[in-house]
Amino acid sequence: MRLSTRNQLNGTVVSVTRGEAMAVVRVRLTGGEEITSAITRAAADDLQLADGSRVTVLIKSTEVALGVD
């Protein structure tokens, strides 16, 4: 797969929580860190995301949001 997005992180889906319109996807990166992404439920379904799926996380600098526990 060739993509123009520069910030690409490989990992494995840890969990997918589907709501009515959105899905929250937790991914464990190759180095052991975890990243969480909110995507549309339709996108999660189209990508057939499930626990154990190997994925590439694409991060656009204009689309980053930070949260605090």
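Helices and strands here are DSSP runs, numbered from the N terminus. All the views below come from a predicted model.

**View 1. Ser-53, sitting in a loop just ahead of a strand.** Here we zoom in on the loop that links helix 1 (41-46) to strand 4 (54-59), which is where Ser-53 is found. Its relative accessibility is 19%, and since buried means under 20%, Ser-53 makes the cut as buried. A polar atom of the Ser-53 side chain lies 2.9 Å from the backbone oxygen of Ala-50. Setting aside residues up to four places away in sequence, Ser-53 also touches Gly-11, Thr-12, Val-13 and Gln-48.

**View 2. The largest nonpolar core, built from 10 residues.** The members are Val-13, Val-16, Ala-23, Val-25, Val-27, Leu-29, Ala-44, Leu-49, Val-55 and Val-57. Strand 1 (7-18), strand 2 and strand 4 each put in two or more residues, and strand 2 gives the most, with four.

**View 3. Val-55 and its contacts.** Val-55 belongs to the core of the previous view. Leaving out neighbours within four places in sequence, Val-55 is in contact with Leu-9, Asn-10, Gly-11, Val-13, Val-27 and Leu-49. Among these partners, Val-13, Val-27 and Leu-49 are core members too.

**View 4. The largest pocket, with a volume of about 800 Å³.** The lining counts 22 residues, and Ser-37, Ile-39, Val-57, Leu-58 and Ile-59 are the closest to the pocket centre. Strand 2 (22-29), strand 3 (34-40) and strand 4 are the elements that each supply two or more lining residues. By type, the lining splits into 17 nonpolar, three polar and two charged residues. Val-57 turns up in the nonpolar core as well.

Terms used:
Residues numbered from 1 in each chain as written. Predicted model: local features only at pLDDT ≥ 70, side-chain atom pairs only at ≥ 80, totals over all residues. Heavy atoms only, no water. Buried < 20%, exposed > 50% of the residue type's maximum accessible area, 1.4 Å probe, protein only. Polar contact = N/O pair within 3.5 Å; in protein donor to acceptor, adjacent residues only side chain to side chain. Contact = heavy atoms within 4.5 Å. 1 Å grid on protein atoms, 1.4 Å probe; cavity = no way out; pocket = protein on both sides within 12 Å on 5 of 7 lines; lining within 4 Å. Points joined across faces, edges and corners; volume = space filled by probe spheres on them. Nonpolar A, V, L, I, M, F, W, Y, C, P; charged D, E, K, R; others polar. Core = buried A, V, L, I, M, F, W, Y, C linked by side-chain atoms within 4.5 Å.
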